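Q: Could you take me through one part of this protein up close? I would like to see how a single helix sits among its surroundings.

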Amino acid sequence: MDAFLSKMVRAVEAPKLPLQQSELLRQFGKDLLARPDLCAALIQEAASGPLSDGQMAMLVAALDEARMADESGQRKGRTLLDDMRDVVALLDADLTSQTALSLSSAWTRAGLTRHHRWPMRSSPKTRMPLPTSTAFPTSPMRCSTVSSKA
C-alpha cells in the first residue's frame with residue numbers, strides 16, 4: 001500500500017474523540033476524491049484480503065464525498081464513482097464473496113443507491129438463474145370454508 005495511504009489509515013485507526021474522527025474522515029474523503037489513484041489502491045487492497053476498519057472507513061468517506069459531489073453536479077464526483085466501479089469490476093474474479101459483500105457494504109454505507117450502480121459479478125457462473133415459473137399455481141385455488149356449529 002502507498003505510504004501516504006498507510007499514514008492516513010493509521011491516523012483513522014488511532015483512538016480519538018468522535019467529532020475528531022468525523023472531521024478526519026471528512027478531510028481524508030476529500031483527499032481521496034482529489035486522488036482517485038489512492039482510492040483505487042485502497043479498493044485493490046481488498047483483493048489481497050479483507051480491509052481493516054480504518055481502510056473501510058476511508059473508502060466509505062471517499063465514496064460519500066464523491067456521491068455528494070455528484071449530487072451537486074461536480075464532475076469529479078461522477079468520475080470517481082465510475083472509476084471505482086470499474087476498479088471493482090476488474091477485480092471481480094479475484095474477490096471472495098466476503099470481500100465483495102464488504103465492498104458492497106461500503107457503497108451502501110456511503111449512501112450510494114441503485115442509481116450509482118454497484119458493479120455486479122459478471123461471470124454467468126456466479127449469477128443466480130431467474131426462476132422460469134412461479135412458486136404459486138397459475139389457476140385460482142379453491143378454498144373450502146370450515147363451518148363451525150356453535
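A: Here is a walk around helix α6 and the core it joins. Please keep in mind that this is a predicted model. The protein chain averages a pLDDT of 79, and 75% of the residues score at least 70. Among the elements of the chain, α6 has the lowest mean pLDDT, 88, while α4 has the highest, 95.

Let's begin with the length. Helix α6 runs over residues 97–109, and its 13 residues at 1.5 Å each should span 18 Å; the end C-alpha atoms are 18 Å apart, so the two agree. Its buried residues are T99, A100, L103, A106 and W107. Because these cover an arc of only 115° around the axis, they lie on the same side of α6. They pack against α3 (36–45), α4 (53–71) and α5 (75–91). The face turned away from that buried side carries the exposed residues S97, Q98, L101, T108 and R109.

Now for the core. L103 is among the residues that touch the most other members of the largest nonpolar core, which has 38 residues; I43 is another of them. Helices α1, α2, α3, α4, α5 and α6 each supply at least two residues of this core, and α4 gives the largest share, 10 residues. Beyond its neighbours within four places in sequence, I43 contacts L59, M84, V87, V88, L91, L103 and W107.

Just after α6, G111 takes a positive phi of about 80°. Further along, pLDDT stays under 50 over residues 121–148. Where pLDDT is low, the predicted coordinates should not be read in detail.

How values were computed: Residues numbered from 1 in each chain as written. Predicted model: local features only at pLDDT ≥ 70, side-chain atom pairs only at ≥ 80, totals over all residues. Heavy atoms only, no water. Helix = DSSP H or I, 4+ residues; strand = E, 2+ residues; numbered from the N terminus. Expected span 1.5 Å × (residues − 1). Buried < 20%, exposed > 50% of the residue type's maximum accessible area, 1.4 Å probe, protein only. Arc of directions from axis to C-beta. Contact = heavy atoms within 4.5 Å. pLDDT = per-residue confidence, 0-100. Core = buried A, V, L, I, M, F, W, Y, C linked by side-chain atoms within 4.5 Å.
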